[in-house]
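Here are my comments on the structure you asked me to look over, written as numbered points that may be read separately.

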Amino acid sequence: MAAKGSLFANDPKPKKKTLPELSHTLPLPIKYKARTDGLRIEAVFTGYTVDVTNTESIRVLCLNGCFGQGMLSRAFPACLTNASDLPRKRRWNKQAGKTDPGTSSQACDSRLNEPLCLFLEEAFFLIHTLNILQLKDLFESPISALEAFDRFRKIRKHFLASYCAYLYLKSKNWIIKSGLKFGGDFVIYVKGPQFNHASYIVLIQAMVDGNQISSHTVDGLDFQGFNRIAETTAKDILFLEVLYPATLDLSDSGACLERLKEVRVAETFTKHHNYLAARNQS
């Protein structure tokens, strides 16, 4: 358990080893944006994810905010970690004697050219808030911020709520990653996944006039499941209620972007209670 006065029910568990290449990081790529020529990073929208392929751009995003995840790696792309090992499946096949001599070099080359995949909220943060990401489609046609917002909302029904929650967490200096692996919307880190394990599994609930409109309706059984996942992975659960203004037209993307500052976010923490210890104290 955390020490008295700590913000966490469980102290962030440190990683056993942090690679030297990933140990020097900044919270945002601001220093690059301050250059006279500005910072411009090109990315491609595939229809589901946003991919960055330039090695220097990948380095800037990963080491300045821990944005994105390697397409073939569990976390950071091979061009940052200097990893020359094969993906786990190919490595297993090699041990079983199922690969030809040319497979190893081809796999290593593919890892070194591994793209960085951005999930939709962080990609739009780089487009709309930081204005450093230039998005194109598969046919090299540029995509504006409003058009990207419309496309992302078609992919993710409650993208507006998740983006508002992302902005709120980013304003608190959290490092944010997708929470799909743990059944949540996000998982958040104090410094980054190369330093510590995630502290919270984040669940987002969108509300208007006190009525919930999002797809996350967490009943008692769902809560027990989320709580069990959080306990077994040494994390806690954080509910974020995204409160829309009553007069906001959610179907108007332009109006939603203009009135982002009017959206409010409320936090709800779950508290772990040791019933056995409480009984013994009575």
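The points below begin with the overall make-up and then turn to the sheet, a helix, the salt bridges and some backbone angles.

1. The model is predicted, and everything that follows should be read with that in mind. The protein holds 11 helices and 12 strands. Of its 282 residues, 44% are buried, while the accessible surface comes to about 15,900 Å², with 52% of that area belonging to carbon and sulfur atoms. Among the contacts with a separation of 6 or more, 65% are made by residues that lie 24 or more positions apart.

2. One open sheet deserves a description of its own, since several later points return to its strands. The sheet has 6 strands in the order 3-4-2-1-5-6, and the pairing is mixed. Strand 3 (69-70) and strand 6 (142-143) each have a single partner strand and therefore stand at the edges, where one side of each is left without a neighbour in the sheet.

3. Within this order, strand 1 (residues 41-45) runs parallel to strand 5 (residues 133-136), and 4 bridges join the two. Isoleucine 41 stands opposite leucine 133 of strand 5, and valine 44 stands opposite lysine 136 of strand 5. Towards strand 2, by contrast, strand 1 pairs in the antiparallel sense over 2 bridges, and there the bridge partner of valine 44 is aspartate 51. Valine 44 thus faces lysine 136 in strand 5 and aspartate 51 in strand 2.

4. Which residues of strand 1 belong to its covered face, and which to its uncovered one? Ile41, Ala43 and Phe45 make up the covered face, whereas Glu42 and Val44 make up the uncovered one. Such a division fits a general expectation, because side chains in a regular strand alternate between the two faces of the sheet. As for packing against the strands, helix 2 (residues 55-63) lies across strand 1, strand 2 (50-52) and strand 4 (116-118), and runs at about 50 degrees to strand 4.

5. Helix 7 (residues 145-155) carries both buried residues and a salt bridge, and the two are best taken together. Ala148, Phe149, Phe152 and Arg153 are buried in helix 7. They cover an arc of only 135 degrees around the axis, so they are on the same side of helix 7. The salt bridge is formed by the side chains of glutamate 147 and arginine 151, with 2.8 Å from N to O; these residues are 4 positions apart in the helix, which means that about one helical turn separates them. Glutamate 147 is partly exposed at 30% relative accessibility, and arginine 151 is likewise partly exposed, at 27%.

6. The count of salt bridges in the model comes to 6. One of them links arginine 156 to aspartate 185, whose closest N and O atoms are 2.8 Å apart. Because arginine 156 lies in the loop between helix 7 and helix 8 (159-171), and aspartate 185 in the loop between strand 7 (175-178) and strand 8 (186-189), the pair ties together parts that are 29 residues apart in sequence. Arginine 156 is partly exposed, with a relative accessible area of 25%, whereas aspartate 185, at 11%, counts as buried.

7. Salt bridges that share partners join Glu42, Lys136 and Glu140 into one network. Within this network, the side chains of lysine 136 and glutamate 140 meet at 3.8 Å from N to O, a value to be set against the 4 Å cut-off for a salt bridge. Lysine 136 is partly exposed at 23% relative accessible area, and glutamate 140 is exposed at 52%.

8. Some backbone angles also merit a careful look in the predicted model. Where does glutamate 140 lie? Glutamate 140 is found in the loop between strand 5 and strand 6, and its phi is near 70 degrees, a positive value in a residue other than glycine. Cysteine 66, also not a glycine, has a positive phi of about 55 degrees; this residue belongs to the loop between helix 2 and strand 3, and at 2% relative accessibility it counts as buried. In the hairpin of strand 1 and strand 2, with 4 residues between the strands, a glycine, glycine 47, takes a positive phi near 110 degrees.

Note on methods
Residues numbered from 1 in each chain as written. Predicted model: local features only at pLDDT ≥ 70, side-chain atom pairs only at ≥ 80, totals over all residues. Heavy atoms only, no water. Buried < 20%, exposed > 50% of the residue type's maximum accessible area, 1.4 Å probe, protein only. Pairing = 2+ DSSP bridges. Contact = heavy atoms within 4.5 Å. Axes fitted to C-alpha atoms, helices over the stretch in contact; angles between N-to-C directions. Areas by Shrake-Rupley, 256 points an atom, 1.4 Å probe, with all protein chains shown as cover. Arc of directions from axis to C-beta.
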